[in-house]
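Visitor: I have a chain to look at. Could you show it and take a few questions?

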Amino acid sequence: MSTLSGFRSMDFLEQVTLLNDISARKDSAALPELLDLFETPTGDKGVDYMVVNALNTVLGANEDAVIDGLGSPKANFRTLCIRAAGEYAFPDAAEPLMHMAEDEEDPDLLLEVLAALAKIQPAGAAAVFRTFLGHDDAMLAALAMEMAGVYGDTQAVPFLRAAVEATDAHRSLDQCDITTWKAIDALAAMATPEAVAFLASCVHHQNPTARRLITDALIRIG
């Protein structure tokens with residue numbers, strides 16, 4: 001008898017107990033049936049939520065299944081595998097994720113891919129993040145800027161400087177967006193002579209929030 005045989009006809013307590021047991025044992029044998037429950041939910045939100053948690057836990061113990069899932073034609077499962085690849089920092093998922101970042105056009109899914117890569121931090125991914133520094137989606141651009149700092153990507157400095165300078169325009173005096181914040185932090189993380197000199201030159205930035213962020217960054221650098 002399979003692990004989840006008759007699951008849909010069980011009462012709530014039996015379902016919860018079984019899912020908890022599968023999660024505790026990280027039972028890879030239950031993966032096909034968990035996937036079936038994931039794709040065709042029971043309709044009970046509490047149970048369906050636990051199915052997702054159990055599936056995620058089992059995937060966390062099965063890197064090969066996650067990597068295979070990155071190529072799944074089923075969008076929901078593919079997204080779950082992207083998240084699992086990042087959550088569990090599976091190194092072998094890095095290459096397919098980088099290829100996905102090059103080809104994906106949907107900004108929401110692209111953010112999932114880049115977020116997973118940001119957690120894995122594979123060698124060579126700096127160039128991938130660099131391509132999104134000027135992206136129209138502020139969250140994508142901000143993540144790319146953050147990772148430029150993590151990787152110490154000096155090739156990103158012109159983009160980071162431009163993001164800080166753009167907020168210095170008169171029209172932006174009343175706001176400081178996330179890209180400016182991440183650009184300042186990335187420059188501070190690099191702490192190269194060029195980056196520090198630029199931040200120092202911006203201590204009188206017209207935007208008050210940016211000015212505080214720059215001051216704080218310079219203090220952190222010391």
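Some questions and answers on this predicted model follow.

Visitor: How many helices and strands does the chain have?
Guide: Run along the chain from the N terminus and each element is an α. No strand turns up. The tally is 13 helices and 0 strands.

Visitor: What is the radius of gyration of the chain?
Guide: Start with the reference: a compact globule of 222 residues would come out near 17 Å. The C-alpha trace here spans about 70 × 35 × 35 Å along its principal axes. The chain does not match the globule value; its radius of gyration is 22 Å.

Visitor: What share of the residues is buried?
Guide: Buried means under 20% relative accessible area. The accessible surface of the chain is about 11,300 Å², with 53% of it on carbon and sulfur atoms. Of the 222 residues, the buried share is 44%.

Visitor: Which helix gives the largest share of the largest nonpolar core?
Guide: That core holds 73 residues. Inside it, L34, L59, L97 and L114 have the most contacts. The largest share is 8 residues, and they come from residues 107–120, helix α7.

Visitor: Which residues does L59 touch, leaving out those up to four places away in sequence?
Guide: L59 is among the core residues with the most contacts. Its partners beyond four places are L31, A65, V66, F77, L80, C81, A84 and F90.

Visitor: How far apart do the centres of the positive and negative side chains lie?
Guide: Count the charges: 15 positive and 33 negative side chains. Each set has a centre, and the distance between the two is 6 Å.

Methods. Residues are numbered from 1 along each chain as its sequence is written. This is a predicted model: local features need pLDDT of at least 70, side-chain atom pairs count only at pLDDT 80 or more; totals for chains, interfaces and linings use all residues. Side-chain values use heavy atoms; hydrogens and water are left out. Helices (H or I, at least four residues) and strands (E, at least two) are DSSP runs, numbered from the N terminus. The radius of gyration is taken over C-alpha atoms; the globule rule is 2.2 Å times the number of residues to the power 0.38. Buried means under 20% relative accessible area, exposed over 50%, partly exposed in between (1.4 Å probe, protein chains only). Accessible areas come from the Shrake-Rupley method with a 1.4 Å probe; for residues, only the protein chains shown count as cover. Lys and Arg count as positive and Asp and Glu as negative; His and the chain ends are not counted. The place of a charge is taken as NZ of Lys, CZ of Arg, CG of Asp or CD of Glu. A nonpolar core is a set of buried Ala, Val, Leu, Ile, Met, Phe, Trp, Tyr and Cys residues joined through side-chain atoms within 4.5 Å. Contact means heavy atoms within 4.5 Å.
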